[in-house]
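Trainee: Got a minute to walk me through this one? I'd like to start with the backbone and then get to the ligand.

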Amino acid sequence: MIKKKTIYVCKSCDYQTSQWLGKCPSCGAWNSFEEETYDDDKAAAADKKSVRRTLLARDFGESEPMLLSENVPDYLRSSTGMGEFDRVLGGGLVSGSVVLLSGEPGIGKSTLLLQICHSLSQTKKVLYVSGEESAAQIAMRAKRLGVRSESLWVLTETDASKVLEKADKLSPDVIVVDSIQTMYHSESATIPGSITQIRESSAMFINRAKTDGTAVLLVGHVNKEGGIAGPKILEHMVDTVLYFEGERRQNFRLIRAMKNRFGSTNEIGVFEMTDKGLREVENPSEMLLSDRPKNVPGNCAVCVMEGTRPLIAEIQALTSPTVFPSPRRMSTGIDYGRVSLIIAVIEKRLGLAFQAHDVYVNVIGGIKIDETASDAAMAMALISSVRELAVPDDLIAFGEIGLSGEVRTVSRVEQRVAEAARLGFTRIAIPRRCAERLDKIPDGVKIFPINTVFDLLPLMAK
Ligand code: TYD
Ligand code: MG
């Protein structure tokens, strides 16, 4: 008689036990165990385990040692028709690679992929599989985006084996799966949408990519904690993990690589959502600065590095007398802890009082800054707001601020200065050590070396 055996698998790290547990002993996640049943006990369980292991280990087949200096084929890359997307991929879509594109609902994943499918289909056969929208809905969107192609195929299907069956007949070069959470594996006993289903259907697509060189793009939903809704193991299985971010209400969108086996993870792609879909933004700084208010206290421009590219953004601070027993502090686009730290440094070192003020700090354009080089600009914005003195419009500041109020060096100063000068900033405040090392100062630019937060005060005056 075949015995049924039940095991419990952690959704987030794949840890297995024979008993249900509230907290995973391996990754610490709560309520993450899901039941899996096997017909044959040990053999099947061992089998499933080994399937998982080979998925992680990647089967390269029989191979011989070869000299690294010769015969190493380069990746076969194709341009997606969007330079910004190619950039995050490391220079184009690699054949046989699996890319996971994740982001919140409504951010624009389906829109972007349909646009990319369109340009890829100029030279390749592309299959767009949707488990979320009907063919009519996709056709309507395609019309709106101006997508028309003789080699772009749409399939509405949620059974992964059927998708692959249809793909066998069509033999596309690229398969897009929108989204992986809607796919299921008919032979698996668990319910559709469960972790096991996601894992097993992903495995089928990954296998496909690795055996015949099809490039696979998977769409993944993000849960409310910001992680990909599905097992962590999915991130290990794919070659590239991209996050689509931005404020849904604003038009600015960023794509960031969190993992990339075929390129760097520093690069970002910048897009704008328009009524004709996503548009690449090659000069993001210009866009970010386009609606800058002039001569208003509380604003200061900053230059942050996003990968190899400098990006000029604006930090705004608003301080207003509080009506609460303990003042409010709020920040968007920048780490709250960093804001508190800079406020504390300014209070202590410059004697400016924020205790009676609510403080709001905001980064314009819905972008997120996580570089300490933005400290000096944040301090300027805060001082400017509390003292009701505008920072000159042509001034930009960067530098990391330490707890003693000292301004520390930042990387890639030359590049930041050049970008600031290109956008018309003529007064550039930078850490003294950086100023000393600066070889070339662009024409018409005056450099203001800063040692400590004290040096920020005279910059406010015209
Ligand atoms: P969508 O690609 O469906 O998001 P996701 O697949 O990530 O859930 O994008 C949906 C949003 O984008 C929707 O709110 C409408 C907007 N949108 C535009 O602004 N312009 C367009 O051309 C399209 C197609 C969508
Ligand atoms: Mg979608």
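Mentor: Sure. Just after α6, Gly213 has a positive phi of about 75°. Keep in mind that this is a predicted model.

Trainee: And α6 itself, what span should its 18 residues give?

Mentor: Helix α6 covers residues 195–212, and at 1.5 Å a residue it should span 26 Å. The end C-alpha atoms are 26 Å apart, which agrees.

Trainee: How many residues of α6 are buried?

Mentor: 14 of the 18 are, so α6 is largely enclosed by the rest of the structure.

Trainee: OK, strands now. Where does Val219 lie?

Mentor: Val219 lies in strand β10, which runs over residues 215–221.

Trainee: Buried or exposed?

Mentor: Val219 counts as buried because its relative accessibility is 0%, and the cut-off for buried is under 20%.

Trainee: What is Val219 in contact with, leaving aside its neighbours within four places in sequence?

Mentor: Val219 touches Leu100, Leu101, Lys109 and Leu113, plus the run Val177, Asp178, Ser179, Ile180 and Gln181. Also, Val219 and Gly103 are 116 residues apart in sequence, with their C-alpha atoms 8.3 Å apart in space.

Trainee: Lys109 rings a bell. What does its backbone do at ligand 1?

Mentor: A backbone N or O atom of Lys109 sits 2.8 Å from an oxygen atom of ligand 1. On the nitrogen side, a backbone N or O atom of Thr274 is 2.7 Å from a nitrogen atom of the ligand. Arg144 uses its side chain: one of its N or O atoms there is 3.3 Å from a ligand nitrogen.

Trainee: How much of ligand 1 does the protein bury?

Mentor: Taken alone, ligand 1 exposes 570 Å², and the protein buries 74% of that.

Trainee: Which residues come nearest to ligand 1?

Mentor: Of the 16 around it, Gly106, Ser110, Thr111, Thr274 and Gly277 come nearest. By class, the shell has six charged, six polar and four nonpolar residues.

Trainee: And which elements each supply at least two residues of that shell?

Mentor: Helices α3 (109–120) and α4 (135–145) do, and so does strand β13 (268–274).

Trainee: Last topic, Glu245. Which side chain does it make a polar contact with?

Mentor: With that of Arg256, at 3.2 Å. Glu245 is in strand β11, residues 240–245. Leaving aside neighbours within four places in sequence, Glu245 is also in contact with Ile107, Phe252, Arg253 and Leu254.

Key:
Residues numbered from 1 in each chain as written. Chains lettered and ligands numbered in written order. Predicted model: local features only at pLDDT ≥ 70, side-chain atom pairs only at ≥ 80, totals over all residues. Heavy atoms only, no water. Helix = DSSP H or I, 4+ residues; strand = E, 2+ residues; numbered from the N terminus. Buried < 20%, exposed > 50% of the residue type's maximum accessible area, 1.4 Å probe, protein only. Contact = heavy atoms within 4.5 Å. Near = heavy atom within 4 Å. Polar contact = N/O pair within 3.5 Å; in protein donor to acceptor, adjacent residues only side chain to side chain. Areas by Shrake-Rupley, 256 points an atom, 1.4 Å probe, with all protein chains shown as cover. Nonpolar A, V, L, I, M, F, W, Y, C, P; charged D, E, K, R; others polar. Expected span 1.5 Å × (residues − 1).
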